[in-house]
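Student: I've got a new model open and I'd like to talk it through. Can you walk me around it?

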Amino acid sequence: MLRNLWLIIFFAVLIWSAIAPKDLFTWLLEVFPALIALVVLAKTERTFPLTPLLYSLILLHAIILMVGGHYTYAEVPLFDWIQEWTGSARNNYDKLGHLAQGFVPALVARELVIRKQIIRGRGWQNFFCVCTCLAISSVYELLEWAVALASGAESEAFLGTQGYVWDTQSDMFYALIGAVTALLTLSRYHDRQLAQLK
């Protein structure tokens, strides 16, 4: 039942995001990680099912990617309104995306490390999870750079820098904040769900 609801929500948002996106090239780039996640989850559903918490967070992260893909990260309407309300110089939806880029992978890494018994000490587990998120974030920034070099002017919507010179560094910082926040706030709840999988 929950699996079906997950799939309905995922495909409903995916289809919506694919209808007249602001920039098709950007949509493909932004939605691609969500599609990869869908394939990985489908292939591991029977052999390595995840906790309900992780499935929910992965869906939320996919929605964030698909919304950003539809509008481009610099032009999500809700964050335009927030930008006007706060007097900010930029639309900060991309920062929400990078926060999620740390928050969700931290718990994915945590679940894998604990269930596969890769690292035993909690401190080292947390350190590894944070480092994993920072590695993912830096690889993503390198991919953005490669896309920018390959596509030239068409990459601006994907990069979403909006003229901010420290965009790359702040993106990685938001991923760090997301990872640490996830581990501090959800570890105990995650542990209870992990115990139910045994």
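Tutor: Sure, we'll go through the core, the salt bridges, a surface patch and a few single residues. Keep in mind that this is a predicted model.

Student: Okay, core first. How many residues are in the largest nonpolar core?

Tutor: The largest nonpolar core has 39 residues. Those with the most contacts inside it are Trp-6, Phe-10, Leu-50, Leu-57, Met-66, Tyr-93 and Leu-107.

Student: Which helices supply at least two residues each?

Tutor: H1, H2, H3, H5, H6 and H8 each put in at least two. The largest share comes from H3, with eleven residues.

Student: Why would side chains like that gather in one place?

Tutor: As a general tendency, nonpolar side chains in soluble globular proteins are buried together.

Student: Let's pick one. What does Leu-57 touch, leaving aside neighbours within four places in sequence?

Tutor: With those set aside, Leu-57 is in contact with Phe-103, Val-104, Leu-107 and Leu-186. Leu-107 is also among the residues with the most contacts inside the core.

Student: Switching to charges. How many salt bridges does the structure hold?

Tutor: Seven. One of them joins the side chains of Arg-3 and Glu-45, at 2.7 Å from N to O.

Student: Where do those two residues sit?

Tutor: Arg-3 lies in helix H1, while Glu-45 is in the loop between helix H2 (24-44) and H3, so the pair ties together parts 42 residues apart in sequence.

Student: And are Arg-3 and Glu-45 buried or exposed?

Tutor: In between. Arg-3 is partly exposed, with a relative accessible area of 45%, and Glu-45 is partly exposed too, at 26%.

Student: What about a salt bridge that involves Arg-110? Which residue does its side chain meet?

Tutor: That would be Asp-191, at 2.9 Å from N to O. The pair links distant parts of the chain, with Arg-110 in helix H5 and Asp-191 in helix H8 (residues 167-197), 81 residues apart.

Student: Is Arg-110 buried or exposed?

Tutor: Buried. Its relative accessible area is 3%, and the cut-off for buried is under 20%. Asp-191 is partly exposed, at 25%.

Student: What else is Arg-110 in contact with, neighbours within four places aside?

Tutor: Besides Asp-191, Arg-110 contacts Arg-122, Asn-126, Cys-129, Leu-183, Ser-187, His-190 and Leu-194.

Student: Which salt bridge does Glu-111 form?

Tutor: The side chain of Glu-111 meets that of Arg-115, at 3.0 Å from N to O. They are four residues apart in helix H5, so about one helical turn separates them. Glu-111 is buried, with a relative accessible area of 0%, whereas Arg-115 is partly exposed at 28%.

Student: Which residues are linked in a network of salt bridges?

Tutor: Asp-94, Lys-95 and Asp-171 are linked that way.

Student: Okay, out to the surface. Which residues make the nonpolar patch?

Tutor: Leu-2, Leu-5 and Ile-9 make a nonpolar surface patch of about 280 Å². Ile-9 is in helix H1 (residues 2-18), and it's partly exposed, with a relative accessible area of 31%.

Student: Now backbone oddities. Which residues have a positive phi without being a glycine?

Tutor: Thr-72 is one, with a phi of about 80°. Gln-117 is another, at about 55°.

Student: Where are they?

Tutor: Thr-72 lies in the loop between helix H3 (52-71) and helix H4 (77-86). Gln-117 is in the loop between H5 and helix H6 (122-151).

Student: And Thr-72, buried or exposed?

Tutor: Thr-72 counts as buried, at 2% relative accessibility.

Student: Last one, Gln-125. Which helix is it in, and what does it touch?

Tutor: Gln-125 is in helix H6, and it counts as buried at 6% relative accessibility. Not counting residues up to four places away in sequence, Gln-125 touches Val-113, Ile-114, Ile-119 and Arg-120.

Student: How far apart are Gln-125 and Ala-109, in sequence and in space?

Tutor: They're 16 residues apart in sequence and 8.8 Å apart in space, C-alpha to C-alpha.

Methods. Residues are numbered from 1 along each chain as its sequence is written. This is a predicted model: local features need pLDDT of at least 70, side-chain atom pairs count only at pLDDT 80 or more; totals for chains, interfaces and linings use all residues. Side-chain values use heavy atoms; hydrogens and water are left out. Buried means under 20% relative accessible area, exposed over 50%, partly exposed in between (1.4 Å probe, protein chains only). Contact means heavy atoms within 4.5 Å. Patches are made of residues with over 30% relative accessible area and no salt bridge: like charges are joined within 9 Å, nonpolar side chains (Val, Leu, Ile, Met, Phe, Trp, Tyr) within 5 Å. Accessible areas come from the Shrake-Rupley method with a 1.4 Å probe; for residues, only the protein chains shown count as cover. A salt bridge is a side-chain nitrogen of Lys or Arg within 4 Å of a carboxyl oxygen of Asp or Glu. A nonpolar core is a set of buried Ala, Val, Leu, Ile, Met, Phe, Trp, Tyr and Cys residues joined through side-chain atoms within 4.5 Å.
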